[in-house]
Amino acid sequence: MKRLLFLIFLGFFAGFIYFFSLSLSKPKLSDITLQEGKMLPSIQELVDLNGDIIDERSLSNGKVLLNVWASWCITCLVEHPFLSKLSKGEDLIIIGINYKDDLSKAKNYLDENGDPYKFSIFDYKGYYALKLGVTGAPETFLVIDGKIVKHRIGEINQKVWNDEFKVFF
Amino acid sequence: MRNMIRRNRANKIYLILLSLASVALIVFFIIKALEKNIDLYLTPTQIFSGEYNTVQKFKLGGMVEKGSLQRVEGEDLVVTFTVTDFQNSIDVVYVGVLPNLFKENSGVVASGYLTEGNAFWAVEILAKHDENYMPVKLESYD
Amino acid sequence: MTDISVDFVGNALLWGATIGSFLGAFLSFLHKHELARRLIFLISVVLLTASAYLVIQFLNDNFSFLYVAQNSNVLLPVYYKISAFWGAHEGSFLLMIVLLSLSITFSNYFIRNKNQIMQSNFYALSILFLYLLFIVTASNPFYILSNPPINGADLNPLLQDPLLAIHPPLIFSGYVFYAVTFCFVMSGASGVFSKELFSIIKVWSSISWFTLTLGILLGSIWAYYELGWGGYWFWDPVENVSLMPWIAGTAFSHSLIYSRTKIMLSWMVFLSIITFLLSVFGSFIVRSGILNSVHSFAADPDRGIFLLGILSIFTLASFIVFFRSKDIFKGNWPKFGSINYLLLLNNILLMTILLIILLGTLYPIFTEVIFESKLSIGPNYFSELITPLTIALIGLFTFEQFLRLKGKVFFLSALSLVVLSTGVYFFFEQMIFLSLITAGVLCIVLFFNLFISILNHQTSLRMHKLFGHLSVAALTFSVLFNHNFSESVDIKVSEGDQMNLLNSKIFFEKVEIVTDSNFNGVRAKFVIDEEYPLLPEKRVYKVGGQITSETAVNSTLLKDYLIVLGDRFQDGSWSVTFSKKYGILMIWMSSFALLLSIFYGGLRRQL
């Protein structure tokens, strides 16, 4: 009878472990839809950090990695070295979206930590980010010929890159 | 003697099975009660897909669209705004004081009912924290 | 270039403690108890140094530490810089480990009888080792940024509150103390339960029970005064997760009293395991990001897998010890109507409540995984199912009071109790009132009982028991009172307005601007019924930019008045929520009475 109880316990235990490992392995359903499969919204009169108007074609030709960052965002600082590494490898253009930031702080941030971006869109009010469906910083979009193929909310690092982005190269 | 031990053993096994059955019964009733008190949690796209029960009270989740928050003239505490999941959006009507975390261009969860005109009548608004803090310039109250 | 590297000092200390605890567990396993004992002292010194080291980085605003940069800010007052230490996942886990090692050290220092403590050291050190391994690999607070930011991201403003600064560590301490209790129970289950071991377990269980109760109560008080939604318990999954070990712990403490009989002993060991596992389950479910909640920490799937691993090791190991123990599953079902029988019934009721909460908490997770639909469980589910069971619990205790009366008197009192509550029920004919009135009747009965026992100069043991149960009855009564009568209304008012709402006169006197070192804001002044002033505030924090409302509360014995400031309209008027909440002060008072009684219970054992 002890054995019977122990078997019942083991049954419950196995079910319990199975259920929670399932729930851990499944990506969370989020109420904010990722933007994959959508076309990049058109840009008008967007400027970079130097105040130059951005040419729309620079975003919609070839493989472009759009990275939302800000000087106030600590996680962006964490993923910065990885972006720097990326900018040296792969045939890939990395473009930043400087999100709700102060111009001088943003420039200072790039001076101190290095600039992996071809250029950064200065999105002071977050309007362009809103069109893109950005919820915060950092977020990263992989755009191939104007189409968003991958949208990542949160930090990117080597592991995330290998698991989710690598397939497009 | 051996017979007695065996009978005792059988009794104990019956006892265990009996208690397991009663636990199962309790669980069954609890789950019944659970199903009575469910609040579904839907995005605008899910609401219009028609695959979910939107007759009863449910929770709506999404982002508050920029520039959509309006106060209804003449009505003291009536506000309307649009909740979007970037694919579909739905108009929301709410009467009452909005919580602090409620902001345009930020996440929101509202619980309430779908009206006949396909708008959402919110009974309660629970604004959500953004995952990342966003420092905004100090805004004065005007 | 910014690079992230590990901080040498911090990691060396953590690794040292990890290796030390592994070695210690191994030594206790080999019965080299004296060595293991010395190692335990050493480990707690090392862990204390590690946390002091992290606190110093907070005090020095050393933002080259990633953890400091994420959770602190130059403008933060000093005490919040210290509490920011446990403001996020990594630090709170470190704090828990430090507390665990300190409790083990205290046990080793104070308990002279070697046999008992030595056995438990093995279990304690194994738990410590697994947690430390988790910290160094998946939850390390010691990362360094080579290029530090000028300022940190600030502590979550919700946590910038004295109550919330101490509420989480108290809950953790409760968990940790239950873990220590668990270790002693395990040492008994794998060996013998001696008389001394029982008294050690009783003392530790009182300490754990007290701490967890205090932690939960402070959380409720915080929710009521700071969240400003007028509620003190929301059946939020994270609250449920802390309530479950409390309920199991309550059942544990009760079964401990009569655990000299064999059947109760099995229960006691089982409940101690359940309490411990539920507390580990709590940290797993909160930290893995499985739950969506106001309280949830940032999610990291690797952490979830690690914690699930730890949880399954604990579960498997403790149940193997349980099933192998020779004292388990012996003895007979207690006699009908005896004290042990009632105690068993009480435990079954508590376990049912536990099951209700557990299923209500897990059900949304279950449907999300299996049916991919998101949902939440309304608070009505919990209140509807738990109220009758709680009433039954108090009823059971009240019944027990009359057990010692013989024959006719017993029968008459039981009968009059039943007649009284059914009579009152038919008088009001409303279901919500039934539970309220039953709780009230039980309260009065218990109160008179206490009164009579004081008059009769009964033993302090009995009076203490009556007092504790009376406070639970009073708590249930005031919660129901609050639940059934509270009301709330949203209005639009301008300065100088006077109006009648919810049978009260409200006068909006003025609005003024307030400033502080880390926020700007406005403060309004309202006067209710010409005597209760209320000063609700609205603040904007300088660093994070979050807006918070400071609810104004004015308490009287029977009811509280609450005002929350909403938004300002174009014409200068404000939207305002005005509520009347009944019985809040009674809830706090009866909870404190309960705490007092738990505290006294622990103290009595010590003396």
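Reader: How many bridges join β1 to β2 in chain A, and do they run parallel or antiparallel?

Author: Strands of a sheet pair through backbone hydrogen bonds, and the sense is either parallel or antiparallel. In this predicted model, strand β1 of chain A (residues 63–69) is joined to strand β2 of chain A (residues 93–99) by 6 bridges, and the two run parallel. To place the register, take Val68(A): Ile97(A) in β2(A) stands opposite.

Reader: In what order do the strands of that sheet lie?

Author: The order is β3-β2-β1-β4-β5 in chain A. These 5 strands make an open sheet with mixed pairing.

Reader: Which are the edge strands?

Author: Look for strands that pair on one side only. Here they are β3 (120–123) and β5 (147–153) of chain A. As for the twist, neighbouring strands are turned by 20° against each other on average, with direction ignored.

Reader: Now chain C. Which strand does β11 pair with?

Author: Strand β11 of chain C (residues 552–555) pairs with β12(C). The two run antiparallel, over 4 bridges. A hairpin of 3 residues makes the connection between β11(C) and β12(C). For one bridge, find Ala552(C): its partner in β12(C) is Ile563(C).

Reader: Where does a strand of chain B pair with chain C?

Author: Go to strand β1 of chain B, residues 38–42. It pairs with β3(C) in the antiparallel sense, over 4 bridges. Asp39(B) faces Ser376(C) of β3(C).

Reader: How many residues are in contact between chains B and C?

Author: Count each side separately. Chain C has 37 residues in contact with 24 residues of chain B. On the chain C side, the elements that each supply at least two residues include α12 (339–370), β3 (374–377), α13 (379–401) and β12 (559–568). The largest share, 6 residues, comes from α12(C).

Reader: How does the chain C side divide by class?

Author: It has 15 nonpolar, 14 polar and 8 charged residues.

Reader: What are the elements of chain B, from the N terminus on?

Author: They run α-β-α-β-β-β-β-β-β. That is 2 helices and 7 strands.

Reader: How is chain B divided into domains?

Author: Domain 1 covers 1–37, and domain 2 covers 40–127. Their C-alpha centres lie 47 Å apart.

Reader: What percentage of chain B is buried?

Author: Burial is a matter of neighbour count: a residue is buried if 20 or more other C-beta atoms lie within 10 Å of its own. Buried residues make up 30% of the 142 residues in chain B. For contacts along the chain, start with those between residues at least 6 apart in sequence. Of these, 44% join residues at least 24 apart.

Reader: Which residues have the most contacts inside the largest nonpolar core?

Author: A core of this kind is a set of buried nonpolar side chains joined to one another. The largest has 204 residues, and Ile97(C), Ala179(C) and Ala473(C) have the most contacts inside it. Helix α10 of chain C (residues 262–287) gives the most to this core, with 17 residues.

Reader: What is Ala473(C) in contact with?

Author: Set aside its neighbours within four places in sequence. Ala473(C) is then in contact with Ile394(C), Ala439(C), Leu442(C), Cys443(C) and Leu446(C).

Reader: Which residues does the second core include?

Author: This separate core has 19 residues, among them Val97(B), Leu534(C), Trp574(C) and Phe578(C).

Note on methods. Residues are numbered from 1 along each chain as its sequence is written. Chains are lettered from A and ligands numbered from 1 in the order in which they are written. This is a predicted model: local features need pLDDT of at least 70, side-chain atom pairs count only at pLDDT 80 or more; totals for chains, interfaces and linings use all residues. Two residues are in contact if their C-beta atoms, placed from the backbone, lie within 7 Å. Ala, Val, Leu, Ile, Met, Phe, Trp, Tyr, Cys and Pro count as nonpolar, Asp, Glu, Lys and Arg as charged, and the others, Gly among them, as polar. Two strands pair if DSSP finds at least two bridges between them. Axes are lines fitted to C-alpha atoms, for helices over the stretch in contact, and angles run from 0 to 180 degrees between N-to-C directions. Domain bounds come from an automatic or database domain assignment. A nonpolar core is a set of buried Ala, Val, Leu, Ile, Met, Phe, Trp, Tyr and Cys residues joined through C-beta atoms within 7 Å. A residue is buried if 20 or more other C-beta atoms lie within 10 Å of its own, exposed if 12 or fewer, and partly exposed in between; C-beta atoms are placed from the backbone.
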